[in-house]
Amino acid sequence: MQNQTSSRFGNDNMSSRETKTLKAKDSVTSHETPVHTYMVVPPDGGWGWVVVAASFCCNLVVDGIIYSFGMFLGVISDSFGESKAKVSLVGSLLSGFYLMEGPFVSALANRWGFRTVSIVGSILGALSFVISSFSTSVEMLYITYGVMGGIGFGLIYVPAVITTGFYFERWRALATGIAVCGSGIGTFIFAPFSTFLIESVGWRGALLVQAGLILNCAVFGAMFRPLAPVKVKISNENEQAEIVKEKDNEKSETEKLPLLLRIKLARDSLQAESMQNLDHEIEITAAEDVMDENHHHKVNNNIKYPTAIEVIAASTKNLRDMKESCQSLYDSNHHLKSVSASERKLNIMELKNDSRANGLTKPRPRAMSSSSTRSRRNTGASGVRPLYRDDIFFGASLSKLPQYSSQVSSLNYTLSVTRLPTYNDVMEEQTQSCKLCPEAVKRTLKTMLDMSLLSSPSFLILCLSGFITMMGFYVPFMYIKERAVLSGMSSKQAMLLVSVIGITNTVGRVVCGLVTSIPGANSLLINNVALTICGLSTIFSNVSSHPAYQFGYAGVFGLSISCFASLRSIVIVDLVGLTKLTNAFGLLLLFQGVAAAIGSPLAGVFMDMTGNYDTSFYLSGGMILISGLMCYPLNSIKRWEQSKAKSQMPLMKSNNSDS
């Protein structure tokens, strides 16, 4: 080998640069270097169960207060001498705003985390109730109780709902089911508790007590501890992921590098003079890399951002291509081929251009190498965003998703549903820059409020159905006690009607979760049948004022309406797919929030006009029934959409080929 080298290069000893080059080449060709990176992996237990308990308590307080506002309706109306329809707008604004601001709260939680957002919401909610206790008019309650309280409750509610999905995958259905049961239990508890407070300390004192309970949500929110990233090894051959267990004292150069900051591949440092332009790191840093040459996004919505598994597959392929290109510069005896420097440089530049064209590489600025490394080490989990998971709003068992069952492991599934942050997103967090609308917030809002999804007829019908459902949803909660009292039932007995709705709602959520876990269960059909039953029972709830009949109606209403809340995310995924779940959920929250804000006051207007609540319940039941009937043909409409899209594909291809 020594003689061969001498004859090739004209000397007996290789230079130190050539020695380094051969060593680097050997490192390239001797084995496949695995990809090591850091990412957030749901633990499916441990502290996650503490998060579930905290989420349960937040839902208990927030929904318990919202659904029991009907207990305050009569006393506030008498206190200010206003109609009940006008006072009902106070509670409607509270429920409407806490739903409408869902996309905006999600965006804030995506940038600053569940813990910070929920604590701020608890403080704001408590403050709004304290101010409301000193209100001098119903109009003031609109602002303090309705708007401010609704914003505060939304800041608590959204983190409490989606944080369980960030901590759980295998046990997500169970964890989410336990957490949302706090809503029904809260309704069951707060209806008699609020009545007791009103009778003991008046409605103003009751609001002060509730303010103290809301402030406790700051303690529960503090339990939403951020997840620490773990080290993951990706095989270059099949992109299969596995968690690497490290010793505490092991500190590698890339130890602090999280997946959503950069996916760092092996760095092949060929130091030959003609190959210095290859000195760079293969990094995935941004959604900027999925833009065309005119800086326009290739596709709309969340799909424009690549998933981690897509990036890893492309990156490992690029690494293998780079190795093959490097191998072409050597002969079988590990010596540089006698090709010109310009030819070697041309080969390297072609590879480099191909990598950049595929959005796989970014050159590393030499002047920033040391400082940027320190910055990356200090940022920990920079770029880890919960709203960058496609399934963050999916509250059912993941086994229902083909994306989950098709993966070789749950870790690979996590990679397949996790989308990468943009370059600006990561740099804003690293540099601690202060912006009015950071990239993480802006991207989430664009995703959740992308109106292009409304061009789908099936989803548009689903949104309209949700809007109509929420128009009638809160009417029984608001007026069932007042109607029972007018019919001759005692106030203490009538108060328990809301509690019955709460407890049967809890039972309904559990039963609905069990039924939908059965293979082949049609979630859309279950939802439609439940809404139909709910609407019919509400329409016929006026048949008798007997306490047994009214308690029976309350039980049926609570059981049937629970399916609407439980199956929402499943129905969305069945209609539009998992990749559009975040977008669809954001739009649906907007529709439902607006409807919740106007439904109960509208029913109250009919009560003032007729002098009884019969028309109000007819209106409520009719809207819920119509919303259920609207959804029966959704599967047929979806199939029509798919067939129409398939028929248009050949035409689009023909037009593209002609152009």
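Mentor: Let's start with accessible area: it comes from the Shrake-Rupley method with a 1.4 Å probe, and for residues only the protein chains shown count as cover. In this predicted model, local features need pLDDT of at least 70 and side-chain atom pairs count only at pLDDT 80 or more, while totals for chains, interfaces and linings use all residues. Residues are numbered from 1 along each chain as its sequence is written, and side-chain values use heavy atoms, leaving out hydrogens and water.

Trainee: Okay, how much area does the protein chain expose?

Mentor: About 27,600 Å², with carbon and sulfur atoms supplying 60% of it.

Trainee: And what share of the residues is buried?

Mentor: Buried means under 20% relative accessible area (1.4 Å probe, protein chains only). Here, 53% of the 659 residues in the protein chain qualify.

Trainee: How many cavities of 30 Å³ or more are there?

Mentor: Picture a 1 Å grid over the protein atoms alone: a cavity is a set of points where a 1.4 Å probe fits but cannot get out, and lining residues have an atom within 4 Å of a point. Points are joined across faces, edges and corners, and the volume is the space filled by probe spheres set on them. This structure holds nine such cavities, and the largest has about 120 Å³ of space.

Trainee: Which helix gives the most to the lining of the largest cavity?

Mentor: Helices are DSSP runs (H or I, at least four residues), numbered from the N terminus. H16 gives the most, with three residues. Look for Leu462, Phe564 and Arg568, among others, in that lining.

Definitions and conventions
Buried means under 20% relative accessible area, exposed over 50%, partly exposed in between (1.4 Å probe, protein chains only). On a 1 Å grid over the protein atoms alone, a cavity is a set of points where a 1.4 Å probe fits but cannot get out, and a pocket is an open set with protein on both sides within 12 Å along at least five of seven lines; lining residues have an atom within 4 Å of a point. Helices (H or I, at least four residues) and strands (E, at least two) are DSSP runs, numbered from the N terminus.
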